[in-house]
Amino acid sequence: METDRFEALIDAILAIIITIIVLEIPLPASGSWDALYALRYDFLIYAASFIVCFNFWNYNNNLFSIVNKIDAKVIWSMGVTLLIFSLLPYLTIFVGENFFLFFPQLMYGLCFIVTAILSTLIGKFLIEADPGNIALHLALSKHYPMYSTLVLVSVGIIIGYFIYPPAIIASCIISILGLWLLPKIQYYFR
């Protein structure tokens, strides 16, 4: 199966997720700076969720630009990933309204971890569906960025549980920076 329509579906679902997140940002109670400042955590979690969505789109856009063929395993595993990822608007609101509580932060971090695990699995299925694609094999040969996501967010969850729950959101953002920077660092230290 060709990937063009599948990529369009992924793009459409992510656009809907971002739209829902934007629509759920609460309005200030009044037109004052104080009312706007009272919503700082809502805006912070919105920004984090936007970065997460953009990163997910960027990763999949770059990945599927080199994919030639997909099969049912790729489609269904991406469907499950998008199902988990579609919880992001709900979790964004949940964290925004309960920013300093562990459980909402934990749920946000778990969504991040499950998405990273499923993305790794999708990579395995893509290689199986398109075995002759050397560019795909090279792109997916090292899963260090995904492993760093799992480690960083897990550390954030531990810190969040024992010390400071917003460490989980911080670890999600730091892991995204790791996804972008780790391949570049590896390139320079070869």
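By about how many helical turns are E128 and K124 separated in helix α6? In this predicted model, E128 and K124 stand four residues apart in helix α6, and the separation therefore amounts to about one helical turn. The two side chains form a salt bridge in which the closest N and O atoms are 2.8 Å apart. K124 has a relative accessible area of 43% and is therefore classed as partly exposed, and E128, at 37% relative accessibility, likewise counts as partly exposed.

E128 also takes part in a salt bridge with K73, where the N to O distance is 2.5 Å. This pair connects distant parts of the chain, since K73 belongs to helix α4 (residues 72-85) and E128 to helix α6 (residues 102-129), with their positions 55 residues apart in the numbering. K73 has a relative accessibility of 40% and so counts as partly exposed. A search of the whole structure returns two salt bridges, and K73, K124 and E128 are linked in a network of such bridges.

The helices that carry these residues also pack against one another. The axes of α4 and α6 lie 9 Å apart and enclose an angle of about 170 degrees; because angles over 145 degrees count as roughly antiparallel, α4 is described as roughly antiparallel to α6. On the α4 side, the residues in contact are K73, V74, S77, M78, V80, T81, I84 and F85, and these meet C111, V114, T115, L118, I122, F125, L126, E128 and A129 of α6. K73 and E128 thus appear in the list of residues through which α4 and α6 meet, in addition to forming a salt bridge with each other.

A second helix pair is formed by α1 (residues 4-23) and α3 (residues 40-64), which pack with their axes 10 Å apart and at an angle of about 175 degrees. This angle makes α1 roughly antiparallel to α3. The contact involves F6, E7, I10, D11, L14, I17, I18, I21 and V22 from α1, together with Y46, S49, F50, C53, F56, W57, N61 and F64 from α3.

Among the α3 residues in this contact is F56, which has a relative accessibility of 5% and therefore counts as buried. When residues up to four places away in sequence are set aside, F56 touches L14, M78, T81, L82, F85, T115 and S119. Of these neighbours, L14 is also listed on the α1 side of the contact between α1 and α3, while M78, T81 and F85 of α4 and T115 of α6 are listed where α4 and α6 meet. F56 and F85 are 29 residues apart in sequence, and their C-alpha atoms are separated by 9.3 Å in space.

Attention may finally be turned to the surface. A nonpolar patch of about 960 Å² is made by F100, V151, V155, I158, I159, Y161, F162, I163 and Y164. One of these residues, I159, is placed in helix α8 (residues 144-162) and, at 35% relative accessibility, counts as partly exposed. L101 is located in the loop between α5 (88-97) and α6, and its relative accessibility of 46% means that L101 also counts as partly exposed. Between the C-alpha atoms of L101 and G156, which are 55 residues apart along the chain, the separation is 14 Å.

Key. Residues numbered from 1 in each chain as written. Predicted model: local features only at pLDDT ≥ 70, side-chain atom pairs only at ≥ 80, totals over all residues. Heavy atoms only, no water. Patch = residues over 30% accessible without salt bridge, like charges linked within 9 Å, V, L, I, M, F, W, Y side chains within 5 Å. Areas by Shrake-Rupley, 256 points an atom, 1.4 Å probe, with all protein chains shown as cover. Salt bridge = Lys/Arg side-chain N within 4 Å of Asp/Glu carboxyl O. Helix = DSSP H or I, 4+ residues; strand = E, 2+ residues; numbered from the N terminus. Buried < 20%, exposed > 50% of the residue type's maximum accessible area, 1.4 Å probe, protein only. Axes fitted to C-alpha atoms, helices over the stretch in contact; angles between N-to-C directions. Parallel < 35°, antiparallel > 145°, perpendicular 65-115°, else oblique. Contact = heavy atoms within 4.5 Å.
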